[in-house]
Amino acid sequence: MVMKNPKLAQGTRRKLVPLQVLVPVVSTVIALGIGLLIIAATGASVVEAIEAFWDGMAGSDFNIGASINRAISLALVGLGFIFASRANLTNVGGEGQIAMGGMFATAAALHGAGGLPLGLAFIVPLAVGTVAGAVWGGLAGFLKAARGTNEVISTLLLSFIALPLVYWSVESFHLLRKPISDVSSLPESAEIPDTTKLPLLFPDNGSPLHIGLLIAAIAVVVVWLVLKHSTLGLRLRAVGLNATASRRAGMRTSFYVILAMTVSGGLGGLGGAIMILGQQFYLTSDFSSGYGFDGLVVGLLSRGSAVGVVIGALLFGFLRSGSINMEISAHVPSAVVLICQGLIVIVIAGSAILTNRKVTR
Amino acid sequence: MIDEQMAVFIGSGLRLAVPIIFAATGEMLSERAGVLNLSLDGMMLMSAFTAALASWATGSPLIGVAAGVLVATAVAGAQAVLSVTLRANQLVVGIGFNILALGSTTFLYREIFGPLSRDPIPGFAQLNLPWLAHIPVIGPALANQTGLAYVSILMVVVTWLILKYTSFGLAVRAVGEDPRAADKAGISVARTRYLGVLYAGILAGLGGAFMSVADSNTFTENMTKGAGYLAITAVIFGGWNPWYTLAACLLFGFATALQFLAPALQLDVPVALLLLLPYLLALVAIAGFVGKSRQPSALTIPFERGG
């Protein structure tokens, strides 16, 4: 809908930039405040809870490293989200893409990649995981382009399909389940070979921080460049804004839809592969639990900006680590953080009317 | 032996279908008015928890259901404000509510019942209608259901009647297809859509409450396990028609129940693959069978007067 009143349009445009930043910040602060109120309402000591929270986030080199490692995967999923949303596609299937990426990376690491010369031993599983995620995302893109299937529904369903597949792979001995050594053997894969683990950045101080940080940093720059400063970014945007006009202008819109979802899924798959190769080292059926939603929220919060993704990913990486420790030490359920996240998403979506006067069709 | 297994399979298939039938039927009406509630799963989860809590506190499953429906309707009200008045992205808002519902029910459950509680809560008894039980094969499965299960079918009939024969139904269809024309004809788009979303909330509430106080007599964390998403898919699969949607729900229910039948038939199929079957069916269904044309034209598109 075109804004007819030029004065109003001008006024809106002037306000646009600060509000884009203000809304996510204010809603995050309010949501965290509500989280604190909830903790207080349970009768738990707020001070104790915050202490446990802080300790879990940043209490030691190990905890800081673990929080950043978490943020790395979230950032990749978030980047995938904004990449797809540039073409006006909403990829809510991060969870499934992480799951596929992690599962195939584990398979590659356990079967063959370990013996490769240094470097390739972890690069190949990372690549395999990325491709797996890309296929999973690309499938939704293909269905959208070929059949007009809403990508929100298809990516969600693909997640619900991916999770039992991971469960299946760690339940079955002929797939990835490690041989039973004693009665307490859990359904999980064997530990991946040491050569396939991501090298640590600071091996001396006990921090688990690994080179995934550099990979994520490169991804941030590349996505930023592509979205803001490339013809591809412009074309994705054009296809997203008006597919019919783009098609008339000679663009193969199907190609860009599939491409956007493939790249988006690939980033999620890479995030999943990094989770396994970086810190978890073996596959469990619920290794991806919650990461998809977190990554989605990170993508939403960033409002399409790669820098925003970095900030959001760090925020949620630290929040998650803190909330887990809060549950263990201060006995406050970590679900409080889910409540905060839900509120953030709702408030930001609801305030779109403030930042975006144009009704998107 | 096989007969007995079949009866168990049919019985569990129906039980698993009931919550989806409730939710999908309400959602179908809301979507016909142009609003998609991805928050359906959250509404169901909130209702399942509230119903369990209220039933446990008062000893009356009926009060439980009422409380569950009330909470689900409140969530629907919030969804309506955001989708209709604030013209927010309906899908994103829905996901937000689902995260919120998962967080708040998990949190409250642990706070109130403790982390490991599996105490049964007062629930509805099965009706055991003798005249139904005499039907061969499906009879026992049909007869051994709670009253709420029959209500779900009743709601399909009611919803079909509303859509087809009432002026409200006409307004719903008009608003979903061409809100601008409906507006010019004097129909309030906002009011119709609010009522549509609230209707979806009431039915999702019944579906969620069925899970905790009629089906399992307990609440477990994230007990809907994506049933709301299945319901939305059933609406798409059913081509926004109440009867086809009902058929899709039954299909999903039986696909889920297959995991109980497979071991009895000594089929060596991994449970995990049976778990993903309903979702795979749903994906194939929406990708393969549903043309774009049958979707209400104004689905997920906010309406602004004037403009």
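A polar contact is a pair of N or O atoms within 3.5 Å, where, within protein, one atom must be able to donate a hydrogen and the other to accept it. With that rule in hand, the tour can begin at the boundary between the two chains of this predicted model, where two residue pairs in polar contact are found across the interface of chain B and chain A, both at pLDDT 80 or more.

**The interface of chains A and B**

Colour the two chains separately and select the residues of each that touch the other: the contact takes 44 residues from chain B and 43 residues from chain A. The area buried between these chains is about 3,900 Å², and carbon and sulfur atoms give 81% of that area. On the chain B side, show B:Ile99, B:Phe107 and B:Leu283 as sticks, since these residues lose the most area to chain A and together account for 16% of what that side buries.

Next, select B:Arg110 together with A:Glu327, which form a salt bridge whose closest N and O atoms are 2.9 Å apart; across the interface of chain B and chain A, the rule finds one salt bridge. To see which parts of chain B face chain A, highlight α3 (61-85), α4 (90-113), α11 (227-237) and α13 (271-288) of chain B, the elements that give two or more residues to that side. The largest share, 15 residues, comes from α4(B). Coloured by class, the side of chain B that touches chain A shows 29 nonpolar, nine polar and six charged residues.

**Two stops in chain A**

Move now to A:Val92, in the loop between α3 (61-86) and α4 of chain A. This valine counts as buried because its relative accessibility is 9%, below the 20% cut-off. Leaving out residues up to four places away in sequence, A:Val92 touches A:Val152, A:Thr155, A:Leu156 and A:Leu296 in its own chain, and B:Ile95 in chain B. For a sense of distance, draw a line from the C-alpha of A:Val92 to that of A:Gly59, which is 33 residues away in sequence and 33 Å away in space.

From there, step to A:Glu95, which lies in helix α4 (residues 94-110) of chain A. What is the nearest side chain of opposite charge to A:Glu95? It is A:Arg320, at 7.3 Å, and A:Glu95 is buried yet has no salt bridge. The side chain of A:Glu95 does, however, reach the backbone nitrogen of A:Gly290 at 3.2 Å. Show the surroundings of A:Glu95 as well: beyond its neighbours within four places in sequence, its contacts include A:Ser159 and A:Leu163, along with A:Ser288, A:Ser289, A:Gly290, A:Tyr291, A:Gly292 and A:Phe293.

**Around α11 of chain B**

Return to chain B and select α11(B), a helix that is mostly covered, with ten of its eleven residues buried. Among the buried residues are B:Tyr229, B:Leu230, B:Ile232, B:Val235 and B:Ile236.

The loops beside this helix deserve a look at their backbone angles. In the loop between α10 (189-216) and α11 of chain B, select B:Lys225, where phi is near 45°, a positive value in a residue other than glycine. B:Lys225 counts as exposed because its relative accessibility is 59%. After the helix, B:Gly239 has a positive phi near 55°. Finish at B:Trp240, in the loop between α11 and α12 (242-264) of chain B, which has a positive phi of about 60° although it is not a glycine. Is B:Trp240 buried or exposed? With a relative accessible area of 4%, B:Trp240 is buried.

Conventions
Residues are numbered from 1 along each chain as its sequence is written. Chains are lettered from A and ligands numbered from 1 in the order in which they are written. This is a predicted model: local features need pLDDT of at least 70, side-chain atom pairs count only at pLDDT 80 or more; totals for chains, interfaces and linings use all residues. Side-chain values use heavy atoms; hydrogens and water are left out. Helices (H or I, at least four residues) and strands (E, at least two) are DSSP runs, numbered from the N terminus. Buried means under 20% relative accessible area, exposed over 50%, partly exposed in between (1.4 Å probe, protein chains only). Lys and Arg count as positive and Asp and Glu as negative; His and the chain ends are not counted. A salt bridge is a side-chain nitrogen of Lys or Arg within 4 Å of a carboxyl oxygen of Asp or Glu. Contact means heavy atoms within 4.5 Å. Buried area is the accessible area (1.4 Å probe) that two parts lose on being put together, summed over both. Ala, Val, Leu, Ile, Met, Phe, Trp, Tyr, Cys and Pro count as nonpolar, Asp, Glu, Lys and Arg as charged, and the others, Gly among them, as polar.
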